[in-house]
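Okay, thanks for making room for me on the agenda. I'd like to walk you through one chain, so let me put it up on the screen.

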Amino acid sequence: MCVQRLLPLGQSSTPRSPQAFPSTEFPLGSGAQQTPALTTHWLSVLHYCNTNMQVSSYLRRLVLPHLVGPMPLTDPTHGTTMPAPWTRAAMLVRANSLIRGHSGVRWTLVEKIVECIRKGLVPVVPLRGSISASGDLSSLSYVAGMLIGNPAIRVWVLTPPTPLPSLSPGPSHSKITTATGLSPNHLGLAVHPPSPAYLVSPLSDTARSISGTASPATSEIFEPLLSPSTPATSVRDEEDCAKPFATETMANFAHPPLGTTMEEMSAPRALRATGTAPLPLVSKEHLGILNGTAFSAGLASLVVRNTETIGVLGAALTALAVEALNGARGSFDPFVGEARPHVGQIEAAHLIYELLAGSQFAVNHEAEVKIEEDDGVLRQDRYSLRTAPQWLGPQFEELKHAKETVRVEVNSTTDNPLVEPPKTEGADGIIHHAGNFQALAMTVAMDHLRLALAQIGRLMFVQLTEILNPLMNRGLPGNLAGGEAALDFGGKGLDIAAAAYAGELNALGGMNVGVGVVSAEMHNQSLNSLALVSARYTLTALEVSELLAASHIYILCQAVDLRAVRTETARPHGGCAFANAFITSEALDIATRKVTPKILDELDQTTSVALGLRMARVASAGVAPLLEIARFKQVLAQRLEALLTELRCAFMCVPLEEASLPSSSSRLPMFNIPPMGRAPASKYLAPRTRLLYEFVRLDLGISMHGSDNLRKTVYGMRARDQEAQQSWDAAMLEEAGLGKTVDTTHGDKVAMIVEALRDGRIARVVARMCEGIDA
């Protein structure tokens with residue numbers, strides 16, 4: 001049973017009502033507004049300002065009388081309550097456990113839980129408070145309270161999104177009301193909910209995406225995530241999996257789509273609003289709901305599912321990193337794994353080896369040379385590439401173990417006492433008093449999985465920092481600047497952000513929740529697993545890992561584009577630059593044999609130098625054998641400068657007339673290099689790694705960064721940019737925010753990749769990359 005497929009993996013934030021905050025009406029005329037009370041911290045700050053900086057006494061009289069209550073330090077609702085997907089997962093896991101017939105409950109109770117799932121009824125459950133020893137008692141008690149209609153229990157009613165009203169004038173819509181006299185929207189219900197598109201949204205947020213990143217690859221039905229050993233063609237469609245369970249009464253609440261909203265109300269009102277009758281519990285049913293590991297196992301199942309993507313993605317991004325750094329495919333040769341046959345290492349190496357098949361950037365093997373032939377360059381790839389299988393292999397094994405542990409748990413009976421049915425007709429059953437509610441198996445799995453995420457993140461971080469470093473990236477510009485290296489900081493901000501992500505992952509990965517248990521319930525629950533706590537921390541690690549992975553994807557796409565620029569420089573365009581700088585065939589022969597290697601080497605050593613100075617130094621490197629050729633240095637520097645400018649324009653689709661041209665390149669174009677398209681590095685990449693690169697460049701529309709720098713019109717730095725914005729209408733502003741008319745920030749583009757990670761689009765791309773690779 002795949003418990004995740006029947007769950008919406010997201011929620012929308014419901015702000016606390018204004019009445020929840022002590023507030024005051026400021027005397028600001030007709031536009032008076034209410035603000036939450038300030039904390040005592042701000043009171044002390046205001047006092048300091050008043051006594052030391054002469055703040056207005058009017059301000060003091062206005063504010064100080066109202067400093068009576070605390071301001072929340074986190075989201076007032078979801079900082080202290082569980083997201084709806086966690087609770088829905090727990091409800092489904094609990095129903096699946098009760099179905100097994102070992103809990104002494106009626107079939108009606110199972111049907112009632114499933115009915116609530118289908119109708120989008122979700123009890124508001126405290127985020128903390130469960131020790132996962134006698135099961136998740138306190139958390140599951142809120143599910144029981146909703147089922148019986150306890151008025152003290154608050155419930156969210158999920159509402160699928162309705163189309164936004166048209167901005168153009170049109171006929172007004174008639175008001176539709178229910179039998180209670182309230183409008184459906186007031187009750188949190190959709191009048192005509194649309195057919196949902198099942199997308200795996202973030203496990204803690206379902207705010208509708210505003211980045212406009214939906215791609216043609218996104219189908220209405222979510223394709224399941226795959227392990228590297230699962231052929232993509234063998235996975236059944238989501239609709240096909242659901243058909244055997246479909247009935248006419250299944251409301252569209254079964255799969256709330258992205259953008260689902262929620263309204264909070266009391267349990268009796270929520271049950272009435274959805275036409276759900278409360279269920280009085282009998283016999284052992286009270287304990288049957290409460291005594292189990294459903295919350296721990298439900299959240300763990302959601303975490304494991306999305307962690308699979310990060311694991312396989314670690315290998316896929318390593319393959320792209322090998323290409324970006326002109327690394328060796330031979331590091332992943334099958335013989336290496338045969339010599340040290342750890343299963344995970346062999347699988348990781350095999351996957352990377354196959355992903356690199358057909359790459360023009362990666363070399364098959366490092367050439368072996370004698371000492372006297374060595375020119376002092378790096379012969380072996382650095383550890384972040386060469387030892388990636390040995391690093392990822394143990395994480396693959398941990399992931400498989402965690403997945404199997406969770407699979408067993410969600411298909412088990414975890415309450416107490418257990419009812420063993422009679423083995424023969426007419427015989428009596430047996431009541432067993434035992435401890436299947438102890439959830440340490442989940443704790444251990446989540447602790448280990450969290451460490452695995454930290455280790456995968458460590459690999460990504462090291463690869464990212466080495467690719468950005470011009471001393472380590474084999475000739476790429478520092479910070480992967482796409483524009484003028486002396487004026488473009490490129491990915492420096494992402495380098496800093498990645499360090500923050502990696503640091504947090506290290507802290508989370510080193511946290512062993514399983515050894516931190518304490519005695520509870522007057523020592524009755526003397527051993528408790530804290531499994532739900534561990535699962536929560538692992539989810540946090542997963543979310544941080546997604547941020548780091550998205551940053552790495554963005555950096556790698558920029559790196560392979562710049563590697564393609566570097567490669568094109570040495571192709572026929574570069575040959576023309578060198579050849580036309582000479583007058584005689586003798587000089588051309590000298591350049592071919594002696595000058596060209598020196599020029600290419602100097603290009604690699606000066607990636608962070610301003611363009612004009614850089615090309616002067618490059619030209620100087622080849623001058624020594626050419627002193628007899630007049631004006632050679634000047635001509636060569638000018639042509640190299642023109643070549644690199646035209647290549648940048650071609651790769652970033654910037655017309656030459658829009659580029660800020662070098663003073664020495666007034667005669668451009670010299671080489672007539674045509675635009676390279678939106679995915680210019682595709683032709684150099686392996687067929688499999690190309691899929692992820694083209695998804696970012698074509699489907700998400702994230703182009704090579706640096707075009708604004710090339711134009712020297714970085715948005716917001718010139719007055720005329722601000723003036724132009726004043727004339728933009730709403731549509732133009734929206735297009736600008738989506739990067740269609742101005743080059744948006746690195747953070748905005750990484751956010752688009754994060755969304756694609758969390759809604760499953762990148763998982764589908766990774767599945768296609770791995771399709772056909774045998775396990």
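Let's start with helix α5, residues 137–148, which lies across β3 and β4 and runs at about 130° to β3. Before you ask, this is a predicted model.

So what are β3 and β4 part of? They belong to an open sheet of 3 strands, ordered β3-β4-β5, with antiparallel pairing. The edges are β3, at 121–123, and β5, at 261–266, each of which pairs on one side only. On average, neighbouring strands here are turned by 30° against each other, ignoring direction. Helix α3, residues 84–98, also packs on this sheet and touches β3, β4 and β5, with its direction at about 100° to that of β3. If you zoom in on the pairing, β3 and β4 (residues 154–159) are joined in the antiparallel sense over 3 bridges. Pro-123 is the residue standing opposite Val-155 in β4.

Okay, zooming out. We have 775 residues in the chain, and buried ones make up 50% of them. The secondary structure comes to 27 helices and 7 strands. Taking contacts with a separation of 6 or more, 81% are between residues 24 or more positions apart. For the surface people, the accessible area is about 35,900 Å², and 58% of that belongs to carbon and sulfur atoms.

Now the inside. The largest nonpolar core has 158 residues, and Leu-313, Ile-753 and Ile-762 have the most contacts within it. Which helix gives the most to this core? That's α17, residues 531–569, with 20 residues. To get a feel for the packing, click on Leu-313: leaving out residues up to four places away in sequence, its contacts are Ala-549, Ile-553, Leu-692, Leu-757, Ile-762 and Val-766. Apart from this core there's another one, of 6 residues, including Ala-84, Val-122, Val-124 and Leu-158.

Let me stay with α17 for a minute. Is it buried or exposed? Of its 39 residues, 33 are buried, so the helix is largely enclosed by the rest of the structure. I also like the length check: at 1.5 Å a residue, α17 should span 57 Å, and its end C-alpha atoms sit 56 Å apart, which agrees.

One residue to pick out there is Gln-558, which lies in α17. Its relative accessibility is 4%, so with buried meaning under 20%, Gln-558 counts as buried. What does Gln-558 contact? Setting aside neighbours within four places in sequence, the list is Leu-480, Ala-481, Gly-482, Arg-697, Met-704 and His-705.

Last bit, backbone oddities. The peptide bond from Asn-416 to Pro-417 is cis, with omega near -5°. You'll find Pro-417 in the loop between α14 (388–410) and β6 (418–420).

Then there's Arg-474, which isn't a glycine but has a positive phi of about 55°. Arg-474 is in the loop between α15 (440–468) and α16 (492–509), and is partly exposed, at 25% relative accessible area.

Cys-653 isn't a glycine either, and has a positive phi of about 55°. Look for Cys-653 in the loop between α21 (632–651) and α22 (689–699); it's partly exposed too, with a relative accessible area of 37%.

That's what I had, so over to you for questions.

Definitions and conventions
Residues are numbered from 1 along each chain as its sequence is written. This is a predicted model: local features need pLDDT of at least 70, side-chain atom pairs count only at pLDDT 80 or more; totals for chains, interfaces and linings use all residues. Side-chain values use heavy atoms; hydrogens and water are left out. Two strands pair if DSSP finds at least two bridges between them. Helices (H or I, at least four residues) and strands (E, at least two) are DSSP runs, numbered from the N terminus. Axes are lines fitted to C-alpha atoms, for helices over the stretch in contact, and angles run from 0 to 180 degrees between N-to-C directions. Contact means heavy atoms within 4.5 Å. A nonpolar core is a set of buried Ala, Val, Leu, Ile, Met, Phe, Trp, Tyr and Cys residues joined through side-chain atoms within 4.5 Å. Buried means under 20% relative accessible area, exposed over 50%, partly exposed in between (1.4 Å probe, protein chains only). Accessible areas come from the Shrake-Rupley method with a 1.4 Å probe; for residues, only the protein chains shown count as cover. The expected span of a helix is 1.5 Å times one less than its number of residues.
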